[in-house]
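This briefing is meant to be read with the structure open alongside. It groups its remarks by topic, so that each can be checked in turn against the coordinates.

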Amino acid sequence: MRLFLNTSPIKTIIFRNSIRSPFTTPNNHKFPNSIPAINSNPISTTTMATTSKPSSIADNEAGLARRLWLKFRKESIIALYTPFVVCLASGNLRLDTFRHYIAQDVHFLKAFAQAYELAEECADDDDAKVGMRELKKCVLEELKMHDSFVKDWGSDLVKDNTLNSATVKYTDFLLATASGKIEGVKGLGKLATPFEKTIVAAYTLGAMTPCMRLYAFLGKELQSLVDANESNHLYIKWIHNYSSEDFEASALQTEDLLDKLSVSLTGEELGIIEKLYHQAMKLEIEFFFAQPLVQPTVVPLSRAHNPSQQSLVIFSDFDLTCTVVDSSAILAEIAIVTAPKSDQNHTENQIVRMPSADLRNTWGVLSGQYTEEYEQCIESILLTEKVEKFNHEGLSKALEKLSDFERRANKRVIESGVLKGLALEDIKRAGERLILQDGCTGFFQSITKNENLNAKVHVLSYCWCGDLIRSAFSSGGLNVVNVHANEFTYNESISTGEIVKKVESPIDKVQAFRNILQNSKNDKKNLTVYIGDSVGDLLCLLEADVGIVVGSSTSLRRVGTHFGVCFVPLLPGLVKKQKECVEGSCCSWKGLSGVVYTVSSWAEIHAFILGP
């Protein structure tokens, strides 16, 4: 496993690593400027690397609209992965479904124009009034575009279609907000002073802005997925409209208005805008999911999964796939912080530990040695002839070399004695406070709480201490997660420095993966998903029906590409797979295809597998 060691105990680590190992290199991580001092007291939350995530100064200085968009980024990802949008992007969305959507959207756009008009009446600033008037004109132009769609198809579907519940829910919310009738806020509709009316205008923009930004986002994302030579794409006109500079300008204008109208608002009033913004995002997702689809779709994966015939098995790595900080950094910190400052007298049965200064130096030597030898191992693997076609056998043999190296490195760590004397209580406390990647806990909670999915979750990890992993998940109520990792041995709840070796290498991981599937006691076919971030996960990623890479490990891509593995961004991969779906057949997923999918966040994984 990896060990990330700084010259002092770490409080927060900003990571994006390319080495799957117990050790770090100077180029792989950025460490904080402020480091808490070591003391001999038992560890506390103030010294553990489990406190908080870094935030961007640029994000903090952005306007309200930008901050809210970033805060609710997960919802935009869910919208992008809805069956309607993926089918639309692929060009094979059934025409009847798109007609229904246009009919519903016309009703929505009319409510949008009315909301701009009501907001204009409330605004006290002349420039704001002009801006809202212009935005209303843009909405009317958008309605004309929808009319052209209807004419192209030869029927007035707006009159023929009744409103569905999602459309009614959204338009009622929007017009109620523009009228000052906001849930939890009393008497706004009766306010008469210019400033009080301006508050209503700001609230209205808070409910409208996310729609504008979301459509601009979807338009640009879909435009990037359309082949330049794909002139026969059925919905190219729709995509061009929402990816256009004109629509982006309207979205920016709406955001600017929200920023200006909210400048003088109180914290409580800004909180109301945030709730309205979030509610609007959720209603947009409901709107997309409400569109009737009568065709096979690739998303969400759980919809294609038939619990009566299949068992959904989710596998995941732990360190830097689930976590922000590698677990070995936590174990190293516990060891250093709790070590004696100098040689001390010991009772006959007490585990002898080296002083903290010696311990730190030993960790440093192990780290430097590991880093150098790891890089040499990767380079030696890449000396073999590069292949164009996926070569699973060649990759497996190459990773045997990496596996031998990992075992030797672990042997050195054990023999050094650096893992002696850690209290189980401290390890569990650190696990409970360990920061997991944003969205990771929520994803696993949704999986395990949904009894209808018939899903199992297994964590396969190089981590030296399974207790740390179990504590990290149990703090999120995830006691049902099956953890497969190495284990410390203890003497009266104090680590002896020895490890029960279970998962030390890429070969061990894939063998554990196979054993779990082989030992599953049911007659159902398994649909497997593996989520990982490093070279050590590569064999499992490939053998799973769906392999998903989180992050941007350089060594993973170099080794994988060398043996013919294709790394495909998840959304474009899904759109391509959706194009291959035909009436009467379901999209199939099969391991050892040589393709693994890449994502930048757990929000994408959640949206793909579970939907909203």
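Is Glu 543 buried or exposed, and what is its relative accessible area? In this predicted model, Glu 543 has a relative accessible area of 17% and is therefore buried, since the cut-off for that class is under 20%. The points below place this residue in its salt bridge, and then turn to other charged pairs, to backbone geometry and to one loop residue.

**Salt bridges**

- The structure holds 23 salt bridges, and three of these pairs are described here with their closest N and O atoms.
- Side chains of opposite charge can pair when their charged atoms come close.
- Glu 543 forms a salt bridge with Arg 514, and the closest N and O atoms of this pair are 2.4 Å apart.
- That pair links distant parts of the chain, because Glu 543 belongs to helix α21 (residues 538-543) and Arg 514 to helix α20 (residues 506-519), with their positions 29 residues apart in sequence.
- Whereas Glu 543 is buried, Arg 514 counts as partly exposed, at 35% relative accessibility.
- Arg 213 pairs with Glu 248 in another salt bridge, where the closest N and O atoms lie 2.9 Å apart.
- Arg 213 lies in helix α9 (residues 194-225) and Glu 248 in helix α11 (residues 245-261), so this salt bridge ties together parts of the chain that are 35 residues apart in sequence.
- Both Arg 213 and Glu 248 are buried.
- Arg 407 forms a salt bridge with Asp 404, for which the closest N and O atoms are 3.3 Å apart.
- Arg 407 and Asp 404 sit three residues apart in helix α16 (residues 392-416), which means that about one helical turn separates them.
- Arg 407 is partly exposed, with a relative accessible area of 30%, and Asp 404 also counts as partly exposed, at 41% relative accessibility.

**Backbone geometry**

- Most residues other than glycine have a negative phi, and most peptide bonds are trans.
- The peptide bond that joins Val 299 and Pro 300 is cis, with an omega of about -15°.
- Pro 300 is found in the loop between α12 (267-289) and α13 (301-304).
- Glu 492 is not a glycine, yet it has a positive phi of about 55°, and its place is in the loop between β7 (487-491) and β8 (494-500).
- With a relative accessibility of 75%, Glu 492 counts as exposed, because that value is over the 50% cut-off.
- Leu 592, which is likewise not a glycine, has a positive phi of about 60°, and it is placed in the loop between α23 (570-580) and β12 (595-599).
- Leu 592 counts as partly exposed, at 44% relative accessibility.

**The loop residue Val 480**

- Val 480 is found in the loop between α19 (466-474) and β6 (482-484), where it counts as exposed, at 54% relative accessibility.
- Leaving aside its neighbours within four places in sequence, Val 480 is in contact with Thr 448 and Val 457.
- The C-alpha atoms of Val 480 and His 458 are separated by 9.3 Å, and these two residues are 22 residues apart along the chain.

Methods: Residues are numbered from 1 along each chain as its sequence is written. This is a predicted model: local features need pLDDT of at least 70, side-chain atom pairs count only at pLDDT 80 or more; totals for chains, interfaces and linings use all residues. Side-chain values use heavy atoms; hydrogens and water are left out. Helices (H or I, at least four residues) and strands (E, at least two) are DSSP runs, numbered from the N terminus. Buried means under 20% relative accessible area, exposed over 50%, partly exposed in between (1.4 Å probe, protein chains only). A salt bridge is a side-chain nitrogen of Lys or Arg within 4 Å of a carboxyl oxygen of Asp or Glu. Contact means heavy atoms within 4.5 Å.
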